[in-house]
Amino acid sequence: LSYTFSSTEAGNISYGGSCSSDNTTAVAGNNPITFNALAEGTYDNCTISVTDNTSNTSDNLSVSSFTIDITTPTLSSVTIASNNSDNTTLAKTGNVITLSITSAEAIQTPSVSIAGQAATVTGSGTSWSAAYTMAEARDEGSVSLNIGFSDLAGNAGSAVTSTSNGSAVRFDKTVP
């Protein structure tokens, strides 16, 4: 975690609370510092002060609260459905394929492709939906899916290529 503070005088930097740094020398002006590694969590007690060469110590500068998040996000569930008229998992040209996506923590808008095409994604936080209207396919078979996602801190999750309950929608070109 990097932080920049400004000092009117040069001197020695002191750190308080949970934060520390190997940089202990301040200059007059802007001072970019890098805090030593911190464990995952929220920090709201970090302070910085500067003591000049005549032993005058500044007031403590409180660092704004921040959160360290290094956990890779996961999806809790992904279900797939088709709006076909016979209510089966066989999709036909023109059917809407819908994915319902639930994540274990809030995520950024996921990128979703269904049958190799970008899907329309709606939702927020931990609940998302993606829809795609099936175009004409050359072959019958399982409808592919790909979900790329990251949490709000930018940690990328592993791409998902199948539903969590094992169900699949298949494209059906067989004439009845």
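**Strand 15 and its surroundings**

Along strand 15 (residues 127-133; a strand is a DSSP run of E, at least two residues, numbered from the N terminus), Trp128, Ala130 and Tyr132 point to one face and are buried, while Ser127, Ser129, Ala131 and Thr133 point to the other and are not. This is a predicted model, where local features need pLDDT of at least 70 and side-chain atom pairs count only at pLDDT 80 or more, while totals for chains, interfaces and linings use all residues. Residues are numbered from 1 along each chain as its sequence is written, and side-chain values use heavy atoms, with hydrogens and water left out.

Q: Why is Ala119 called buried?
A: Buried means under 20% relative accessible area, with exposed over 50% and partly exposed in between (1.4 Å probe, protein chains only). Ala119 has 15% relative accessibility, so it counts as buried.

Q: What makes strand 14 and strand 15 a pair?
A: Two strands pair if DSSP finds at least two bridges between them. Strand 14 and strand 15 have five, in the antiparallel sense, and Thr120 stands opposite Ala131. These strands form a hairpin with two residues between them, and Gly125 in the turn has a positive phi of about 60°.

Q: How do you know that strand 11 pairs with strand 15?
A: Strand 11 (residues 96-103) shares seven bridges with strand 15, again antiparallel. Thr102 stands opposite Ser127 there.

Q: Which residues does Ala119 touch, not counting residues up to four places away in sequence?
A: Contact means heavy atoms within 4.5 Å. Ala119 touches Val112, Ser113, Ile114, Ala130, Ala131 and Tyr132.

Terms used
Helices (H or I, at least four residues) and strands (E, at least two) are DSSP runs, numbered from the N terminus.
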